[in-house]
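Here are a few worked exercises for you to try with the model open in your viewer. Have a go at each task before you read its solution.

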Amino acid sequence: YRPVLHQQLFDIAYHSQGGFPWDVVYSMPVHLRRFCYQKLVDAKKAEKEEMDKAKSKNTARPPRRR
């Protein structure tokens, strides 16, 4: 259980870009930490999908001639 716990703590603290300091995440109730972790995972997935969509739009069109 500890490796999973510490991975969640690290992910929340690191990927929240300073929004959650380590000690706050560590003392957070389990249900709230899981909620925040899931929201972070969802946000990162949505961000990746948007980047993939933008990347596919850029590569789908041939370059214009001038």
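**Exercise 1. Find how E50 and K53 meet, and say how far apart they are along the helix.**

Step 1: pull up the two side chains. E50 and K53 meet in a salt bridge, at 3.7 Å from N to O. The rule here is a side-chain nitrogen of Lys or Arg within 4 Å of a carboxyl oxygen of Asp or Glu.

Step 2: look at the spacing. The two residues sit three apart in helix α3, so about one helical turn separates them. Helices (H or I, at least four residues) and strands (E, at least two) are DSSP runs, numbered from the N terminus.

Step 3: check the cover. E50 is partly exposed at 48% relative accessible area, and K53 is partly exposed too, at 42%. The cut-offs are under 20% for buried, over 50% for exposed and partly exposed in between (1.4 Å probe, protein chains only).

Before going on, a word on the ground rules. This is a predicted model, where local features need pLDDT of at least 70 and side-chain atom pairs count only at pLDDT 80 or more, while totals for chains, interfaces and linings use all residues. Residues are numbered from 1 along each chain as its sequence is written, and side-chain values use heavy atoms, with hydrogens and water left out.

**Exercise 2. How many salt bridges are there by this rule? List them.**

Step 1: the count comes to three, and the E50 and K53 pair is one of them.

Step 2: go to K44 and E47, whose side chains meet in a salt bridge at 4.0 Å, N to O. They are three residues apart in helix α3, which puts about one helical turn between them. Both are partly exposed, K44 with a relative accessible area of 31% and E47 with 43%.

Step 3: try K48 and D52, where the closest N and O atoms of the salt bridge are 2.9 Å apart. Here the spacing is four residues in helix α3, again about one helical turn. K48 counts as exposed at 51%, whereas D52 is partly exposed at 37%.

**Exercise 3. Is R33 buried or exposed, and which side chain of opposite charge is nearest?**

Step 1: place R33, which is in helix α3 (residues 30-60).

Step 2: check burial and charge partners. R33 is buried yet has no salt bridge, and D11, the nearest side chain of opposite charge, is 10 Å away. For charges, Lys and Arg count as positive and Asp and Glu as negative; His and the chain ends are not counted.

Step 3: list what R33 touches, with contact meaning heavy atoms within 4.5 Å. Skipping neighbours within four places in sequence, R33 is in contact with Y1, L5, Q8, L9, I12, V25 and M28.

**Exercise 4. Which residues are in contact with W22 and with H6, leaving aside neighbours within four places in sequence?**

Step 1: W22 is in helix α2 and is partly exposed, with a relative accessible area of 41%. Its contacts, with those neighbours left aside, are H6, L9, F10 and A13. W22 also lies 8.3 Å from I12, C-alpha to C-alpha, with their positions ten residues apart in sequence.

Step 2: cross over to H6 in helix α1, which is partly exposed at 30%. On the same terms, H6 is in contact with W22 and Y26. H6 and Y26 are 20 residues apart in sequence, yet their C-alpha atoms are 8.8 Å apart in space.

**Exercise 5. Where is Q17, and what is its phi?**

Step 1: Q17 is in the loop between α1 (2-15) and α2 (22-27).

Step 2: its phi is positive, about 55°, although Q17 is not a glycine. Q17 is also exposed, with a relative accessible area of 71%.

**Exercise 6. Describe the overall fold and its spread.**

Step 1: the protein has three helices and zero strands, following the pattern α-α-α along the sequence.

Step 2: the radius of gyration is 18 Å, well over the 11 Å that the globule rule gives for 66 residues, so the protein is more spread out than a compact globule. That radius is taken over C-alpha atoms, and the globule rule is 2.2 Å times the number of residues to the power 0.38.

Step 3: along the principal axes, the C-alpha trace spans about 60 × 20 × 20 Å. Buried residues make up 17% of the 66.

How values were computed. Contact means heavy atoms within 4.5 Å.
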